[in-house]
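User: I would like to learn how to read side-chain packing and backbone outliers in a model. Please take the features one at a time.

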Amino acid sequence: METASVPKVDEEKLRHARRVNLKELNLRRDTQESSKLDHSLRRHTALIKRMRQSIGVDNHDQVLKDIDSLSLEKYTDEIAGAAVEGITRCKTDRDVWAAVEVVCSLHRRFPTSFTPVLVNLLSSSLAAPTKAALSALTPDQREKEDVVRVSRQRPILRVCSELALVGVIRDSPTRSGAEWIMKVIKELLSNDPSLSSLPLLSTFLKSYGRSYLGITTLQSKQMPGDTEFGRATDEGRNAAIVASGEGEELVEQDMRDRFKRMCEGYFENVAKKLVIEHKRLQEQDRRNHEAYIRSGEIFEDRQQAYERMTKGYEKLFASCQTLSELLNLPMPALPTAAQKSDSIQIGSNIGSGAGDDTDVSFTTSGGKWEDEEERKFFEDIQDLKDFVPKNFLGIDAEEKTDSEEKEKAEKEKAEEEAKNVAAELKSLETNGDVHVSNVSLAEPSEPVDSTVTPIPMSPKLSSPPLSPQLAPQGPTHLLTALLARLPDATNRTLIDQAAVEFAFLNSKAARKRLIKFLSNVPKNRTDLLPHYSRLVATLDKYMPDIGSELVASLEEEFRYLQRKKNVVKEFSELRLKNITFLSNLTKFRVVPTHVILHILKVCLDDFSGTNVENVALLLEGCGRFLLRSEETKERFSTMLELMRRKQSMQHFDQRQMLLLENAYYQCNPPERPPLVEKERTPIELFIRHLVYDVLSKKTIDKVLKLIRKLDWDDPTVGHSLLKVFTKPWKLKYSNISLLAMLTYDLQRYHPAFAVAVVDQVVEDIRVGLEVNLYSVNQQRVATVKYLGELYIYRVVNSSLIFDTLWLLVTFGHPDGHPSLRQPTPLDMPDDSFRIRLVCVLLDAVGMCFDRGRQMRKLDNFLVFFQYYALCKEELPMEVDFMLSDSLEAVRPNLSMPKSIEEAAKVVDDVFNTVMQNAGFTQESESGEESDDGDDSERPREDDDDDDDGSAAGQGSAEDQRAPSPEPVVVLSAQEHLGPSQEADEEFAKELAKIITESSAESRKIDKKSAWWDTAVLGPGARKKRVDEAEQNVKGDADHPNGSVMNFTVITRRGNKQQTRNLAVPAETALAVHTRSAQLQDKVEQQHLKRLVLNYEQREEVEELKALETRSRAGQMKIRLAG
């Protein structure tokens, strides 16, 4: 099969290459001198006549020769008409391509005079027939006319499709002619209520589905059972190879998408019509059947109408199936209940059999059946004598005595099997080894059966319901119709009805036909086996030969499959069908217990290969039933123990172990207590309902007011609110911002609650880093997103955001220093989830840090973050895209380092710069070696209070805010701060004195922590500093010629902070910049204060208006869910 598929692939590649070459050739124009060409009328007439006959392969060479040698200028219209007529006579692929080459040759010579005329003629030839013309015809004439029209338009459509691909038919100078083709096909299909143009679409899709629709794979066809194995897969592989071989696409992508949507929409309409026609045919069949029951015959006119309907339906079904395969779309689900329960009134009150005195223990979870519905299916079997006369059932006392003798023999055989199993268990206990013996299912003492062993072939698939059988006219026809309806009997009512109907047709020949039919169930229709088993169980009480012969046939099939156990793939579905059928018959007690136990014993004796799957199927199918039945409980539990021991001693792959474990626990599930639903108080349910169900953009104000009305003094209410507000992963991801907005609004009334929420969120982030469980990753993402939204709504400040960002990239690494692919327990090199968390936080708050100190702090972090990302192994594609998108959104012009060395160098430069700005250099402390671990620490700026995200709800924070950006003086040796050299030297001496005094203690402290920890003034000193700053500003305003400006320098002695006043000349750049910053700060503070006051006034006015509106509209109602 594979060797046969290669020419198809090569042919498709060659066809595509020819189209590309011909398209390039058509872009050039043939310029021939007319004086050198022949102008004779005779040769022109001969050419036109030859083209009318055919422009296929037969006349191809001669026509091309004449086109090159004749002038043809005066005959372009006649040649166009002759070309269209010749195209209609093209039958094969070679003829179509020959016609395309002829048309292309004429197009290159006469692009303006020949091509437009030809396109108009082709368009009119592909037009759908008018409604007036169709209405004048009889149905038979219309059918013949449609056949002729389709045969005439098929080659024209194929040639037009090729011309659109090679550039003769174009929608515009830069586009192909795909839109022209789509309009032609759409017009054909839309003006065709009878679907007679459907074969044209099928032809087009078969030849040009890849080029125009982009369909690259073929749908597996529904093949009969005798089809060679693997044909469908070979065809799919051919299509995939062809698709991969085509490089240049001749049709634009947007046109291919539009074409595909159009074809899929048309297929949906065809599928709907197919379902309607199927129902009509079923209804007509039911009426014919009722008429036959009433009168004993079917009139000729009714039968002819039914045959016409069946013929039309079969044609429509075949076309729909072809479209389904070509478009890779599933076939519509056709209703399978061909005959309704009221079509034949035989045996009413079906299902009211022996189900009254059932054992209550069966309905429990530990019984034979999983639920009550399964118990009814396998135990509530109707008694045929309630619906069928006894003479049809052939009840005889002698058969009863024979059956009793058989049961005794079966019990004796089962006891022998149990003894053999017990003996093998004892040998396992003593020896500790499993001796696997190849035991044949047939006993050695039995004589060799002279019958031919049936070779299991691939049974034919159940044919789709193309057409129900014609109305039966005798017992044989009635039985045939009954067997034809059995594949559609997929519920208890239909299968019980079929059992009653078969009882009326009971005969030895009928039973043989039924046994043969049930033995050849299609191997892919395992869904029918439980219903067929119920049919056999219903009939077995009065027709025991059906059950016994069917079981014998399945046993023989099992023996054959045991002999062919080395053939795995080909017989896998057959093994599944065989074991499933036996399991279902066992649950109906049709298969004797010794038979099913013997089959299990044979599989356990050779516990390897396909027998592992057989054992798993048996346990899943009837293991629960056998383990909980009194007559088989002991023996089956012994076999289960044998299986578990062999499973522990032998080596199985992961798939086989999983099969056996699932099967064992399915037949013997462990006992566990039922899940107890958590009890919640009504107030807790109400809070969850408000936040989880009611909260939205439109209802957030209502939710806020209702939450504020709760009893906040009750500790249970506060605890419930805190739990809901600190678990953002239980909300929709899009509602996390609304939860943060609620927290901000509640902060003004309950500040302690907002602090508790923030504290818990930060703790959850840190716990997630410490635990690092994959199962809580989604919760971690939601928590980080929540923290970002809290910053957006000014519940937290930027220092907490930067602390979290640095924590995400340094936590768990030695000295906070991530190294290249260095494995750490909490952050492995192949774990990129922290990068995802950082990207989520940057996406939430990164746009806020675009100016001032926050921008510099974020830039420093991004440098280190790129270094951290390069320390990981190759990132997954999704994380890589997320990283690039986040960085591009925050800093569009940020340059990405290409190597880890380059990133480390940039990080070193950033840290050195930050340390210099903080007043520490590598050479400032003699006797202390340089620390190479600075890469692991974050460059923290000396700013904690000047944040855009600081909480605006606390009014006192604004009043206490210092007018200066920071009282810490940042000095650099490279700046000229004094107006003269003497002032510089004096300032340097003073600074050196201060540093010398604190150097003794600073040597004991790690240089990293010196700039990592930001020095902060105490509240009293800061308040004093604010007053002094205001006095300095006023003094400077009153005395513009002031000589000095006081600064505060913070030093550290041990764990104690010390401050020292430092006078700086007022003319220095530092003093001038500081003074301007103070003035600007004061203006911004007044502006912010005014905004806040205006906001509170507006909110009070809006609340009053809302109160008035609510008083008019009535009381608001909130439904408590759950």
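Analyst: This is a predicted model. A starting point is the set of contacts around one residue. Leaving aside residues up to four places away in sequence, Tyr212 touches Ser161, Ala164, Leu165, Ala178, Ile181, Phe204, Val251, Met255, Arg256 and Phe259.

User: Which other core lies apart from the one around this residue, and how many residues has it?

Analyst: The other core has 82 residues, including Leu690, Val694, Leu706 and Cys839. As for the largest nonpolar core, it has 85 residues, and Met51, Phe204, Tyr212 and Phe259 have the most contacts inside it. Helix H12 (residues 253-295) gives this core its largest share, 10 residues. At least three residues come from each of domain 1 (8-28 + 37-219 + 247-251) and domain 2 (273-337).

User: Are Phe204 and Tyr212 buried or exposed?

Analyst: Both Phe204 and Tyr212 are buried.

User: How many aromatic pairs does the structure hold, and why is the pair of Phe204 and Tyr212 classed as it is?

Analyst: Ring pairs are read from the distance between centres and the angle between planes. The structure holds 24 aromatic pairs. For Phe204 and Tyr212 the ring centres are 5.2 Å apart and the planes are at 50°, so this pair counts as tilted. An angle under 30 degrees would be stacked and one over 60 edge-to-face.

User: Which residues do ring pairs link into a cluster?

Analyst: The cluster consists of Trp806, Phe861, Phe864, Phe865, Tyr867 and Phe911.

User: Where do arginines lie over the face of a ring?

Analyst: Here the reading depends on the distance to the ring centre and the direction relative to the ring normal. Arg534 lies over the face of Phe377, at 5.5 Å from the ring centre. Arg708 is placed over the face of Tyr749, with 3.6 Å to the ring centre.

User: What is phi at Arg589, and where does this residue lie?

Analyst: The sign of phi and the residue type are read together. Arg589 is not a glycine, yet its phi is positive, near 65°. The residue belongs to the loop between helix H22 (572-587) and helix H23 (593-605). Its relative accessibility is 46%, so Arg589 counts as partly exposed.

User: What is phi at Asn772, and why does this residue count as buried, partly exposed or exposed?

Analyst: Asn772, also not a glycine, has a positive phi of about 55°. The loop that holds Asn772 runs between helix H31 (751-771) and helix H32 (777-792). Asn772 is partly exposed because its relative accessible area is 24%, and buried would require under 20%.

Notes:
Residues are numbered from 1 along each chain as its sequence is written. This is a predicted model: local features need pLDDT of at least 70, side-chain atom pairs count only at pLDDT 80 or more; totals for chains, interfaces and linings use all residues. Side-chain values use heavy atoms; hydrogens and water are left out. A nonpolar core is a set of buried Ala, Val, Leu, Ile, Met, Phe, Trp, Tyr and Cys residues joined through side-chain atoms within 4.5 Å. Buried means under 20% relative accessible area, exposed over 50%, partly exposed in between (1.4 Å probe, protein chains only). Helices (H or I, at least four residues) and strands (E, at least two) are DSSP runs, numbered from the N terminus. Domain bounds come from an automatic or database domain assignment. Contact means heavy atoms within 4.5 Å. Rings of Phe, Tyr and Trp (its six-membered ring) pair if their centres lie within 6.5 Å; planes under 30 degrees apart count as stacked, over 60 as edge-to-face and the rest as tilted. A charge sits over a ring if NZ of Lys or CZ of Arg is within 6 Å of the ring centre and within 35 degrees of the ring normal.
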